[in-house]
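Q: I should like to learn how to read a protein model, feature by feature. Where might one begin?

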Amino acid sequence: MESLDELNKRGITPQLLKIHDDGEKNFVPVMKLDAVSLLRQTVRLKKPNKILEIGTATGFSGISMLSAYENATLYTIEHNESRVKEARKNFEEAGFGDRVNFFVGDVHEIINYVTGEFDFLFFDGPKSHYLEFLNKLRPYLNPGCVLFCDNVLFRGSVSGECDYVRRNRTIVNNMREFLDEMTGGEWDTAVYDIGDGVSISVLK
Ligand SMILES: C[S@@+](CC[C@H](N)C(=O)[O-])C[C@H]1O[C@@H](n2cnc3c(N)ncnc32)[C@H](O)[C@@H]1O
């Protein structure tokens with residue numbers, strides 16, 4: 001059998017594969033192939049009309065989501081202007097230029113002005129702040145809303161399987177607090193050891 005990466009590559013277009021490989025070459029932190037496959041399938045099953053993404057980078061995950069459901073519109077947040085420029089070009093080339101809206105700037109600021117009723121959230125931006133972002137968005141979310149998060153296990157350090165350096169202590173503690181919240185109250189959450197750790201939550 002082929003490797004898992006080879007199998008997961010079969011589901012993505014040559015353009016997406018190029019964005020992924022260019023990202024890895026140029027130190028753009030794009031999603032891992034197994035994690036993006038799960039993201040795509042989750043969108044395919046949920047069929048969301050409005051998706052909010054934190055962390056556009058060059059559009060790899062965003063284009064993947066839009067390709068999984070033709071009626072979805074994406075709202076995506078990114079502060080790195082050269083990545084936004086590249087992402088705009090990539091969305092256009094994918095034929096999705098009219099289905100994406102960019103919020104360019106710091107998510108900590110932008111999140112205060114986001115008021116739409118999203119039915120799918122994808123967090124892949126600053127790792128220490130997932131709970132803070134979710135609390136800001138919570139008034140606009142309805143039961144059935146899906147939250148998909150990448151990096152929740154942060155190289156094994158969140159589950160305690162790997163040690164972490166002192167400067168990452170806040171990330172690890174905040175991610176533990178986030179997972180605690182998401183596996184307790186009003187969200188039903190599954191955590192997967194895929195990519196850098198993925199969680200999929202559904203608002204009850
Ligand atoms: C892991 S990457 C996103 C990868 C992308 N989702 C993909 O797989 O194609 C995280 C992105 O979040 C952006 N980011 C980090 N901190 C941010 C902030 N405070 N405001 C807005 N964007 C931020 C980074 O510039 C980076 O491009």
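A: Let us begin with a single residue: K47 is found in the loop that connects α3 to β1. Please keep in mind that this is a predicted model.

Q: What is the phi of K47?

A: The phi of K47 is positive, about 55°, although K47 is not a glycine.

Q: Is K47 buried, exposed or partly exposed?

A: One counts neighbouring C-beta atoms; a residue is buried if 20 or more others lie within 10 Å and exposed if 12 or fewer do. K47 has 13 other C-beta atoms within 10 Å, so K47 is partly exposed.

Q: Which loop holds F27, and how many C-beta neighbours does F27 have inside 10 Å?

A: F27 belongs to the loop between α2 (14–25) and α3 (33–46). F27 counts as exposed because there are 6 C-beta neighbours inside 10 Å. F27 is not a glycine either, yet has a positive phi of about 60°.

Q: How many helices and strands does the chain have?

A: The chain contains eight helices and seven strands. Its radius of gyration is 16 Å, close to the 17 Å from the globule rule for 204 residues, so the chain is as compact as a globular protein of that length. Of these 204 residues, 39% count as buried.

Q: In what order do the strands of the sheet lie?

A: One reads a sheet from one edge to the other. Here the sheet is open, with seven strands in the order β3-β2-β1-β4-β5-β7-β6 and mixed pairing. β3 (100–104) and β6 (187–192) are the edge strands, each pairing on one side only. On average, neighbouring strands of this sheet are turned by 15° against each other, direction ignored.

Q: In which sense do β1 and β4 pair?

A: Strand β1 (residues 50–54) pairs with strand β4 (residues 120–123) in the parallel sense, over four bridges. Within this pair, L52 stands opposite L121 in β4.

Q: Which strands does helix α7 touch?

A: Helix α7 (residues 130–137) packs on the sheet and touches β1, β4 and β5 (146–150); the direction of α7 makes about 155° with that of β4. Another helix, α4, lies across β1, β2, β3 and β4, running at about 170° to β2.

Q: Which residues come nearest to the ligand?

A: There are 18 residues around the ligand, of which M31, G55, A57, F60 and H79 come nearest. The elements giving two or more residues to this shell are α4 (60–68), β2 (73–78) and α6 (107–110). By character, the shell divides into eight nonpolar, six polar and four charged residues.

Key. Residues are numbered from 1 along each chain as its sequence is written. This is a predicted model: local features need pLDDT of at least 70, side-chain atom pairs count only at pLDDT 80 or more; totals for chains, interfaces and linings use all residues. A residue is near a molecule or strand if its C-beta atom, placed from the backbone, lies within 6 Å of it. Ala, Val, Leu, Ile, Met, Phe, Trp, Tyr, Cys and Pro count as nonpolar, Asp, Glu, Lys and Arg as charged, and the others, Gly among them, as polar. Two strands pair if DSSP finds at least two bridges between them. Axes are lines fitted to C-alpha atoms, for helices over the stretch in contact, and angles run from 0 to 180 degrees between N-to-C directions. Two residues are in contact if their C-beta atoms, placed from the backbone, lie within 7 Å. The radius of gyration is taken over C-alpha atoms; the globule rule is 2.2 Å times the number of residues to the power 0.38.
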